[in-house]
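I opened this entry to record what I looked up, going from the whole chain down to a single residue.

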Amino acid sequence: QSAGMTEEGMRVFARSCGRWQHVTRLNISQNSIGIQGARELAAALPDTGLTTLVLGPRATELCKDHCGRLDVAGKGLGQPEMTIVASWLAAKAAAGVDELDISGNKIGDEGKRALAAVLPAAKLQRVSLDLGNGKVQLAASDTALSLANKGMKPIDIQFLASWLSTEATAGVEEMNISMIPI
């Protein structure tokens, strides 16, 4: 069992934090915030003055001073945390972040859906994550993309389709998704 704020507590908290323009740093790490609590906080983030957010079991810090790269690989992030990370990537606090590594986390289908939904607004040029049965690196500079025999699930295909619909992938001319049992 985890000590700290519960999902219901995060939902109540999230409803009020949008009015906090003077708060620039928020630490919500090591709380069992749940997916509903994460959704409500994610919805409130764009209205805050936050520039730094600390979350997850290992107190992973999200801030605008990452020189364009946000590396949260292997930080123990789950679906709730990824929902918040996705929202943060689309917020003004993350302006300039163009590279994301979320591999080695158990972000699940909900986390992939949340990230796919913000891809166009996030303006990412490179994304590293676990799709199917392994780590995949997607880069805007790629002209060919081979994901053959990766064991991808429908949510992985949905994420890939979202990535391919962004301006960043205008140079992709060839894609191989053969041998994907869907």
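For the entry on contacts I kept one cut-off in mind: a contact means heavy atoms within 4.5 Å. With that, residues 24 or more positions apart account for 72% of the contacts in the protein that have a separation of 6 or more. I note here that the model is a predicted one.

Next I looked up the secondary structure, which comes to 5 helices and 9 strands. Read from the N terminus on, I wrote the order of elements down as α-β-α-β-β-β-α-β-α-β-β-β-α-β. The radius of gyration is 16 Å, close to the 16 Å that the globule rule gives for 182 residues, so I entered the protein as being as compact as a globular protein of that length. Along its principal axes, the C-alpha trace spans about 45 × 35 × 20 Å.

I then turned to the surface and found that 46% of the 182 residues count as buried, while the protein exposes about 8800 Å², of which carbon and sulfur atoms supply 49%. For charge, I recorded 18 positive and 19 negative side chains, with the centres of the two sets 5 Å apart.

Last, I went to Q36, which lies in helix α2, spanning residues 34-44. Is Q36 buried or exposed? Its relative accessible area is 28%, and because buried means under 20% and exposed over 50%, I put Q36 down as partly exposed. Leaving out residues up to four places away in sequence, Q36 touches E7 and R11. I also checked Q36 against L53, 17 residues apart along the chain, and their C-alpha atoms are separated by 18 Å.

Key. Residues are numbered from 1 along each chain as its sequence is written. This is a predicted model: local features need pLDDT of at least 70, side-chain atom pairs count only at pLDDT 80 or more; totals for chains, interfaces and linings use all residues. Side-chain values use heavy atoms; hydrogens and water are left out. Helices (H or I, at least four residues) and strands (E, at least two) are DSSP runs, numbered from the N terminus. Buried means under 20% relative accessible area, exposed over 50%, partly exposed in between (1.4 Å probe, protein chains only). The radius of gyration is taken over C-alpha atoms; the globule rule is 2.2 Å times the number of residues to the power 0.38. Accessible areas come from the Shrake-Rupley method with a 1.4 Å probe; for residues, only the protein chains shown count as cover. Lys and Arg count as positive and Asp and Glu as negative; His and the chain ends are not counted. The place of a charge is taken as NZ of Lys, CZ of Arg, CG of Asp or CD of Glu.
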